[in-house]
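Me: Please give me a close look at a single part of this structure, and lead me on from there to the rest of the chain in one connected answer. I am a first-year student, so please explain each term when you first use it.

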Amino acid sequence: MAEVADIAGVSRPSAIDGADQCARATAASALDTERAGFGPLAAVPVAEWHALAERAIEPNGYYMPAWTLAVNASARGRTGASALGAWREAAPNELAPSQAEPNEAPRLVGLLPVVSLWRACKIPLPALASASPYGTLCTPLIDRNFPEQAIRRLMDEARAAGAHALILRDVSLSGAVMKSFAHVLRQDALLPIVLHSHLRACLDARRSADDVLHDALSAKKLKELRRQRNRLAELHGAVRFAVARSVEEVIDAIDIFLKLEASGWKGERGTALAQNDGDSSFIRQATRGLAETGQCEIVTLHAGDAPIAAAIVLRHQDRAFYFKLGIDERFAKFSPGVQLTLDLTRHLCADAVLVTADSTASAHHPMINPIWRGRLRIGDVIIPLYRNDPVVATIHAAMKLRRALRELARRAVHRLRNR
């Protein structure tokens with residue numbers, strides 16, 4: 001129910017019947033959450049969610065239930081999200097009809113955590129935006145066996161709730177989910193609208209780490225990094241890379257990570273996870289929950305007895321997700337973040353299950369981009385729910401203006417910091 005109260009006190013409307021209701025766009029921005037396929041995120045059955053994640057056509061570590069529910073429970077500014085759910089009635093087993101369960105429960109075949117466009121962007125128009133999971137990836141979970149049905153049902157539920165569009169933020173534009181959305185939209189004479197896109201670093205984990213690193217870094221750079229590592233060992237003790245996997249190991253390692261992250265520039269700006277009780281609670285709960293299913297690792301680089309860098313890595317199916325890195329700034333001259341990333345690259349490439357690792361980093365990240373030379377095209381996309389809808393055109397224009405204003409503000413802040 002959080003989404004209804006979220007929109008400036010507007011009373012709940014009935015479901016909007018189509019684009020001809022555009023004159024009621026602003027008043028209809030409070031969306032109807034009294035539906036089986038649209039309700040509180042916390043109410044989604046966890047067992048069904050887990051099963052869907054295993055069948056997902058495209059992995060997303062940040063929309064796994066242990067992570068997303070922990071974000072939704074306490075993360076700063078990210079609690080109280082809703083969910084669009086696509087449910088499919090059980091059908092008889094085509095291969096063995098006699099074995100079908102006549103009263104089998106419906107199956108969850110699609111899931112997208114959402115917030116109103118007002119909450120996401122402060123735009124008072126009737127649309128739903130993918131909820132931020134504290135990681136820069138919001139790809140919906142779509143059942144690989146029923147992608148078209150799942151997407152159609154998600155869109156139907158959004159329409160019935162009063163939305164004119166879905167805003168998919170931070171999705172892989174060339175991934176299986178967006179291809180499925182584009183296919184469904186084409187059948188309805190609709191087109192997705194890409195608001196903006198950028199390239200971010202990823203790792204092809206099927207290659208040998210030696211090949212990856214030698215192709216990415218010059219012989220001179222690799223020699224300099226080896227010199228730094230040797231010097232670090234001479235001054236502070238043996239350099240050791242450790243991987244925490246078990247629940248007990250992850251619980252211990254998260255304390256190390258939080259201390260390291262808060263010791264650097266994030267601590268100075270007040271954005272470290274440990275500096276907010278809600279964020280600290282979220283990351284502890286999320287990493288522990290994922291460790292229970294073998295889907296979280298915390299990697300740490302030690303010099304002697306001192307941890308000097310740590311990072312959180314999520315796993316979903318054949319993909320890893322490099323969440324956050326914390327370093328001890330006192331060791332900055334030895335490039336601890338780069339050293340840890342080199343070891344992490346070797347670790348991921350040695351895993352026969354992994355195909356790709358997503359850096360989930362910004363477009364021009366100065367540390368990861370030179371090392372992981374693969375690129376994913378990530379973007380924000382408007383999924384229109386009606387043809388020739390002037391409300392969608394208004395949403396598009398408003399979001400373009402918002403992005404332009406934010407870019408001007410970002411540049412101004414950057415100039416001030418440089419001064």
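**One helix and what surrounds it**

Reply: The secondary structure of the protein chain comes to 13 helices and 13 strands, where helices (H or I, at least four residues) and strands (E, at least two) are DSSP runs, numbered from the N terminus. This is a predicted model, in which local features need pLDDT of at least 70 and side-chain atom pairs count only at pLDDT 80 or more, while totals for chains, interfaces and linings use all residues. Residues are numbered from 1 along each chain as its sequence is written, and side-chain values use heavy atoms, with hydrogens and water left out.

The part to look at is helix α12, which covers residues 336-349, and Thr-341 is a good place to begin, since this residue lies in helix α12. Thr-341 has a relative accessible area of 0% and is therefore buried; buried means under 20% relative accessible area, exposed means over 50%, and partly exposed lies in between (1.4 Å probe, protein chains only). A polar atom of the Thr-341 side chain lies 2.8 Å from the backbone oxygen of Gly-337, and this is a polar contact, that is, a pair of N or O atoms within 3.5 Å, where within protein one must be able to donate a hydrogen and the other to accept it, and residues adjacent in sequence count only if both atoms are side-chain atoms. If neighbours within four places in sequence are left aside, Thr-341 is in contact (heavy atoms within 4.5 Å) with Tyr-322, Met-367, Ile-368, Ile-371 and Trp-372.

Farther along helix α12, Asp-343 has a relative accessible area of 9% and so counts as buried. Arg-229 forms a salt bridge with Asp-343, and their closest N and O atoms are 2.8 Å apart; a salt bridge is a side-chain nitrogen of Lys or Arg within 4 Å of a carboxyl oxygen of Asp or Glu. Arg-229 lies in helix α8 and Asp-343 in helix α12, so this pair ties together parts that are 114 residues apart in sequence. Arg-229 is partly exposed, at 23% relative accessibility. Asp-343 also meets the side chain of Arg-346 in a salt bridge, at 3.0 Å from N to O, and because these two residues are three residues apart in helix α12, about one helical turn separates them. Arg-346, at 37% relative accessibility, is partly exposed.

If we cross to helix α8, residues 219-236, we find Arg-227 and Glu-224 three residues apart, which means that they too are separated by about one helical turn. Their side chains meet in a salt bridge with 2.9 Å from N to O. Arg-227 is partly exposed at 45% relative accessibility, and Glu-224 is partly exposed at 30%. Elsewhere, Arg-245, Glu-297, Arg-315 and Asp-351 are linked in a network of salt bridges, and by this rule the count comes to 21 salt bridges.

What lies in the interior can be described through nonpolar cores, where a nonpolar core is a set of buried Ala, Val, Leu, Ile, Met, Phe, Trp, Tyr and Cys residues joined through side-chain atoms within 4.5 Å. The largest has 59 residues, of which Leu-84, Leu-117, Ile-167, Ile-383 and Ile-395 touch the most other members. Strand β3, residues 107-116, gives the most to this core, with six residues. A second, separate core of 35 residues includes Ala-320, Tyr-322, Phe-334 and Ile-368, and Tyr-322 and Ile-368 are also among the contacts of Thr-341.

On the outside, Leu-401, Leu-405 and Leu-408 make a nonpolar surface patch of about 310 Å²; patches are made of residues with over 30% relative accessible area and no salt bridge, with like charges joined within 9 Å and nonpolar side chains (Val, Leu, Ile, Met, Phe, Trp, Tyr) within 5 Å. Leu-408 belongs to helix α13, residues 390-418, and counts as exposed at 54% relative accessibility.

For the whole protein chain, 52% of the 419 residues count as buried. The accessible surface comes to about 19,100 Å², with 51% of it belonging to carbon and sulfur atoms; accessible areas come from the Shrake-Rupley method with a 1.4 Å probe, and for residues only the protein chains shown count as cover. Among the contacts with a separation of 6 or more, 77% join residues 24 or more positions apart.
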